[in-house]
Amino acid sequence: MRELEPNMAGRGMRVGIAQARFNEDIGEGLRSGCLAELVRLGVAEADITYATVPGALELPLTLQAMAQSGRFDALVALGAVIRGETYHFEIVSNESARGITDVQLNTGIPIANAVLTTENDDQALVRMVQKGTEAAQAAIEMANLLKAVK
C-alpha cells in the first residue's frame, strides 16, 4: 500500500488569498494568522497574492477568477459572518460556503475556507487567528496532496 503522507512544505507554492472586508477586525485577525503560517511553512511573501472583496458573498467569484488564472497552487477564503437578528445570516453563510466549494470542485484548485460563522463577535475574536493559521495549513497540505495524486 502506498500512503500519501501529509506534506506541509510551502516552498515554491503560489497562494492567493481573498478576504471579505465586512467584519474587518476579525478579517484582519484571520489574515495575520494565515500570512504568518504561510511564511512559516516556507511560502515566499512574493508568492502570496492578497485581494479584498466587500463581503462573504463576493468571495466565490473572486476565488473563481483566481483559480481560473492558472497562477495559484492553492487559495484561501477569509471572512466572518456573524449572526444577527434576521435570516440573512443563514443565506450569507450557506451561499458563501456553497460557492467556495463549487469553485474548488469545478476548478481543481484547493480552497481553504476560513469564513467564520459565529453567533457573536466574541466567538469570532477567539477563533480568528487560529482559524487563519489552520487555513494556511489546509491550503498547503491540499496543494501538495493534489500534486502527489496527479
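These legends go with a set of close-up views of one predicted model.

**View 1. Helix α1 from end to end.**
Let's start with helix α1, which runs over residues 24-40 and has 17 residues. From its first C-alpha to its last, α1 reaches 24 Å, close to the 24 Å expected at 1.5 Å a residue. Just after the helix comes G42, and this glycine takes a positive phi of about 105°.

**View 2. The two faces of α1.**
Which residues of α1 are buried? They are I26, G27, G29, L30, G33, C34, E37 and L38. These residues cover an arc of only 160° around the axis, so they sit on the same side of α1. Here is a handy bit of background: an α-helix has 3.6 residues a turn, so residues three or four places apart point the same way. Now look at the face turned away from the buried side, where you'll find the exposed residues D25 and R40.

**View 3. What lies over the buried side of α1.**
Several elements help cover the buried residues of α1. Among them are the strands β1 (15-20), β2 (48-53), β3 (74-82) and β4 (111-118). Helix α4 (121-149) is also part of the cover.

**View 4. A salt bridge within α1.**
Side chains of opposite charge can pair when their charged atoms come close. Here, R40 and E37 meet in a salt bridge, at 2.8 Å from N to O. The two are 3 residues apart in helix α1, which means they are separated by about one helical turn. Are these partners buried or exposed? R40 has a relative accessible area of 58%, so it counts as exposed. E37 has a relative accessible area of 7%, so it counts as buried.

**View 5. Helix α4 and its kink.**
Next up is α4, with 29 residues that should span 42 Å at 1.5 Å a residue. Its end C-alpha atoms are 40 Å apart, which agrees. Where is the kink in α4 centred? Look for M128: the kink there is about 45°. At the N-terminal end of α4, N120 acts as a cap, with a side-chain oxygen lying 3.1 Å from the backbone nitrogen of D122.

**View 6. The buried residues of α4.**
Trace along α4 and you can pick out its buried residues: A124, M128, G132, T133, A135, A136, A139, I140, A143 and N144. What do they pack against? Their partners are β1, α1, β3 and β4.

**View 7. A closer look at T133.**
T133 has its place in helix α4. With a relative accessible area of 15%, T133 is buried. A polar atom of the T133 side chain lies 2.9 Å from the backbone oxygen of V129. Leaving aside residues up to four places away in sequence, T133 touches G33, C34 and E37. You've already met G33, C34 and E37 among the buried residues of α1.

**View 8. A salt bridge between distant parts of the chain.**
This view shows one of the 8 salt bridges in the structure. K147 pairs with D73, and the closest N and O atoms are 3.5 Å apart. The pair links distant parts of the chain, as K147 is in helix α4 while D73 is in the loop between α2 (59-68) and β3, 74 residues apart. K147 is partly exposed, with a relative accessible area of 47%, whereas D73 is buried at 13%.

**View 9. R83 with E90, and a network elsewhere.**
Another salt bridge joins R83 and E90, whose closest N and O atoms are 2.6 Å apart. R83 counts as partly exposed at 32% relative accessibility, and E90 counts as partly exposed at 22%. Elsewhere, salt bridges that share partners join R14, D73 and K147 into one network.

**View 10. P60 and its contacts.**
The last stop is P60, in helix α2. P60 is buried, with a relative accessible area of 12%. Which residues does P60 touch, not counting those up to four places away in sequence? They are S96, G99, I100 and V103. P60 and S96 are 36 residues apart along the chain, with 6.7 Å between their C-alpha atoms.

Key: Residues are numbered from 1 along each chain as its sequence is written. This is a predicted model: local features need pLDDT of at least 70, side-chain atom pairs count only at pLDDT 80 or more; totals for chains, interfaces and linings use all residues. Side-chain values use heavy atoms; hydrogens and water are left out. Helices (H or I, at least four residues) and strands (E, at least two) are DSSP runs, numbered from the N terminus. The expected span of a helix is 1.5 Å times one less than its number of residues. Buried means under 20% relative accessible area, exposed over 50%, partly exposed in between (1.4 Å probe, protein chains only). The arc is that of the directions from the helix axis to the C-beta atoms. Contact means heavy atoms within 4.5 Å. The bend at a residue is the angle between axes fitted to the seven residues ending there and the seven starting there. A polar contact is a pair of N or O atoms within 3.5 Å; within protein, one must be able to donate a hydrogen and the other to accept it, and residues adjacent in sequence count only if both atoms are side-chain atoms. A salt bridge is a side-chain nitrogen of Lys or Arg within 4 Å of a carboxyl oxygen of Asp or Glu.
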